[in-house]
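Hi,

Here is the structure I promised to pass on. Have a look at it first, then read my notes below.

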Amino acid sequence: MNIKKIRLHIISMSLKKPFVTHLQRMETREGIIIEAEDQRGAVGLGEVVAFSTPWYTEETIKTCYHMLKDVLIPLVERSPITHPEELSKLFEPVRGNAMAKASLEMAIWDLYARQQEKPLWNLLGGTREKVPAGAVVGADSIAGMIAQTHELVDEGYERIKIKISKGADVEVVRALREEFPHLSLLADANSAYELNDAEHLKSLDEFRLKMIEQPLGIDDLVEHAILQNKISTPICLDESIVSPHDMKSAIQLKSCGVVNIKLGRVGGYNHALEIYRLCKTNEIKMWCGGMIEFGVSRAHNISLASLEGFSIPGDISSSSKYWEEDIIDAPIVVENGFVKRFDRPGIGVDLNQKRLNEVCNYREEFLL
Ligand code: OSB
Ligand code: MG
């Protein structure tokens, strides 16, 4: 593939408003943007979706930077590849660090697609011209969550996910359901509950949630299966699925009816596609999750979600949901609940270098 240079840009941008879950209140989003450049000057883009602190998974911006600089980029330098699928094997000796691996893998898939002069969705086997979008409402007062939902529904979103946790669940869901009787609603608990709370979680069944996301432990599959037998709302796993093997186990155990696939969490496209195939074969529904990311990762998500199995709207929202100005040249725009795929080569967007410079705190270039 002739990768000659890899550039890492550590960026940081204020969110329009703080994003709150029971685990974290985020006002500023840090990230790492990756450029992989070939000998002809074509550039593929990737993004580290880890956060500044390890509240969602164990990775952070700093652990990813270390992994990229000291482990993964040297691996790519030592063993040139001819196709991005070879990265699975190349990264196999490195344990964990899914988001670091995914970020470099994203950039190299994008570069490969640009070298072939084809949109990435096309190489992945995507067929949807537009991808169903959805938005997330963070934890807030009930009035605040209702107001935010109104704004999002007015913008055309037809699926809204709300964050819930112990002490901020039944009342919140009831109020939203009363205000929006026909809206497709789901609740994400980010692992706020224990199996002991099964009876309490059962009381959410009457509100016709499309699903409840990750109610129990981040690494649990067994208790989710037990819980699923006790509640009728379908369980969607997020944090618990970090590999194709986890997905196989979840299928065997019947831990979930739905899975949220995030490129970062599962270690990139190669794993995401394997999970996708497992879900299709075993009739697990899927959708593409979000990480409050910048436009580079969102464009990757849109490429992935163009595969027809992604039938449920994902956490794919407009650049304007979180950012005053995104770092890409053509912001992500949701219209009537859909985002159109990009028909340019690769992920179909380029960096807005001026904006990137404004938000970049540090950059480093590696010559391969
Ligand atoms: O659990 O899906 C999650 C954001 C950060 C970390 C984890 C999650 C989320 C979201 C927001 O729910 C998704 C988004 O709008 O990008
Ligand atoms: Mg989640």
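Let's start with one residue: D188 is buried, because its relative accessible area is 1%, and buried means under 20%. Keep in mind that this is a predicted model.

So what does D188 do in the model? Together with E213 and D238, D188 is a protein donor of the magnesium ion (ligand 2). The donor atoms are OD of D188, OE of E213 and OD of D238, and they lie 2.0 to 2.3 Å from the ion. Along the chain, the donors follow the spacing D-x24-E-x24-D. D188 and D238 link distant parts of the chain, being 50 residues apart. You'll find D188 in strand β7 (residues 184-188), while D238 is in the loop between β9 (235-237) and α9 (244-253). D238 counts as buried too, because its relative accessibility is 0%.

Now zoom out to the whole chain. There are 14 helices and 13 strands to look through. A compact globule of 368 residues would have a radius of gyration near 21 Å, so the 20 Å of this chain agrees with that. The C-alpha atoms fill a box of roughly 60 × 40 × 35 Å along the principal axes. Of the 368 residues, 61% count as buried. Among contacts with a separation of 6 or more, 71% come from residues 24 or more positions apart.

On the outside, the chain exposes about 14,900 Å², with carbon and sulfur atoms supplying 49% of that. As for charges, there are 43 positive and 54 negative ones, and their mean positions are 3 Å apart.

Cheers

Notes:
Residues numbered from 1 in each chain as written. Chains lettered and ligands numbered in written order. Predicted model: local features only at pLDDT ≥ 70, side-chain atom pairs only at ≥ 80, totals over all residues. Heavy atoms only, no water. Helix = DSSP H or I, 4+ residues; strand = E, 2+ residues; numbered from the N terminus. Rg over C-alpha atoms; globule rule 2.2 N^0.38 Å. Buried < 20%, exposed > 50% of the residue type's maximum accessible area, 1.4 Å probe, protein only. Contact = heavy atoms within 4.5 Å. Areas by Shrake-Rupley, 256 points an atom, 1.4 Å probe, with all protein chains shown as cover. Lys, Arg positive; Asp, Glu negative; His and termini not counted. Charge placed at Lys NZ, Arg CZ, Asp CG, Glu CD. Donors = N, O, S within 2.8 Å, 3.2 Å for Na, K, Ca; no water.
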